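Visitor: I would like a close look at a single part of this structure, the largest pocket. Please take me through what lines that pocket, and then add what can be said about the cysteines and the nonpolar surface.

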Amino acid sequence: MGNFLHLLQNENMKIYRRVRTWVMLGILAAVNLLIPVLISMVDSGGSSTIWDSVIMSASFTFFLCTIFSVVVAADSVAGEFSWGTIKLLLIRPWSRSKILLSKYLSVFLFSLLGTLIVVVMSLLSSSLFFSGSTESSLFGQSTNGFVFMLQYVLCDYVNLFITVAIAFMLSTVFRAGGLAIGLALFVMFAKGIFTTLFSPERYAWAKYLIFTHMDLSGYLRTDVGPGGVSLGFALAVLAVYYIAMMAVSWYVFNKRDVAA
């Protein structure tokens, strides 16, 4: 266990010793401090609460958080091949499975850190400009603001989590960071188009597509999702795709010949 923690620490050092990482985190912090200010300027009626501001800020900046996490995920494995350091890594007394797991966990921790920055910074800024009401009226319903904010952020994080898994798999399979970033971001921005073209209301088989279930925020309005499926069904579909992507990543990384 101690050896694995050392390996995980090593992977985290690779991420956080780069200036690029701190620039991305700094941008996340600055944008989430600024957006509540802009919201307060256009909220002429003064009807928004602190929780409304945090949710609206997160809805804007989670795109940035996802993009930055995808960049880190795409570079995690592909970067080792690009820099020619993969051989030095594999001759260490660690199995390939542990190496891949440490890389994935370091990416996962980065995505959690980005999410924490999004929530904390927007919460700090929003507390200066909005009332501390316990209610939130977004989506046309009055609910506990804190609980609703957590639910909304969790839905956004599921989207981020799956997108990062796609980028990590592509990075492992193709060893090309640029390709992994491009395809993962294409999925992130085009999933709405795919959902419209292959609507579960029109095609019954479409309810098994990953694009249909990546955005879970609709379940905050209703218990029924696209095609009449439940939240449990959507999570089950995402879990199957996630397991498949991790299995492909593990198989390719363990079987790949890096002697050349």
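Guide: What follows describes a predicted model, and the pocket is a good place to begin. The largest pocket has a volume of about 420 Å³. Its lining is made up of 21 residues, of which K14, R17, E80, T85 and K103 are the closest to the centre. Two or more residues of that lining come from each of the elements α1 (2–16), α3 (50–82), α4 (86–90) and α5 (96–129), and among the contributors it is α3 that gives the most, with five residues.

Turning to the cysteines, the count of disulfides comes to zero, because a disulfide needs two cysteine sulfur atoms within 2.5 Å, whereas the sulfur of C65 lies 15 Å from the closest cysteine sulfur, which belongs to C155, and that is too far for a bond. Seen from the other side, the closest cysteine sulfur to that of C155 is the one in C65, again at 15 Å. C65 counts as buried, at 1% relative accessibility, and C155 is also buried, with a relative accessible area of 11%.

On the surface, I193, L197, F198, W205 and Y208 make a nonpolar patch of about 520 Å². One of these residues, W205, is placed in the loop between α7 (177–197) and α8 (231–255), and with a relative accessible area of 44% W205 is partly exposed.

Note on methods
Residues are numbered from 1 along each chain as its sequence is written. This is a predicted model: local features need pLDDT of at least 70, side-chain atom pairs count only at pLDDT 80 or more; totals for chains, interfaces and linings use all residues. Side-chain values use heavy atoms; hydrogens and water are left out. Buried means under 20% relative accessible area, exposed over 50%, partly exposed in between (1.4 Å probe, protein chains only). Patches are made of residues with over 30% relative accessible area and no salt bridge: like charges are joined within 9 Å, nonpolar side chains (Val, Leu, Ile, Met, Phe, Trp, Tyr) within 5 Å. Accessible areas come from the Shrake-Rupley method with a 1.4 Å probe; for residues, only the protein chains shown count as cover. A salt bridge is a side-chain nitrogen of Lys or Arg within 4 Å of a carboxyl oxygen of Asp or Glu. Helices (H or I, at least four residues) and strands (E, at least two) are DSSP runs, numbered from the N terminus. On a 1 Å grid over the protein atoms alone, a cavity is a set of points where a 1.4 Å probe fits but cannot get out, and a pocket is an open set with protein on both sides within 12 Å along at least five of seven lines; lining residues have an atom within 4 Å of a point. Grid points are joined across faces, edges and corners, and a volume is the space filled by probe spheres set on the points.
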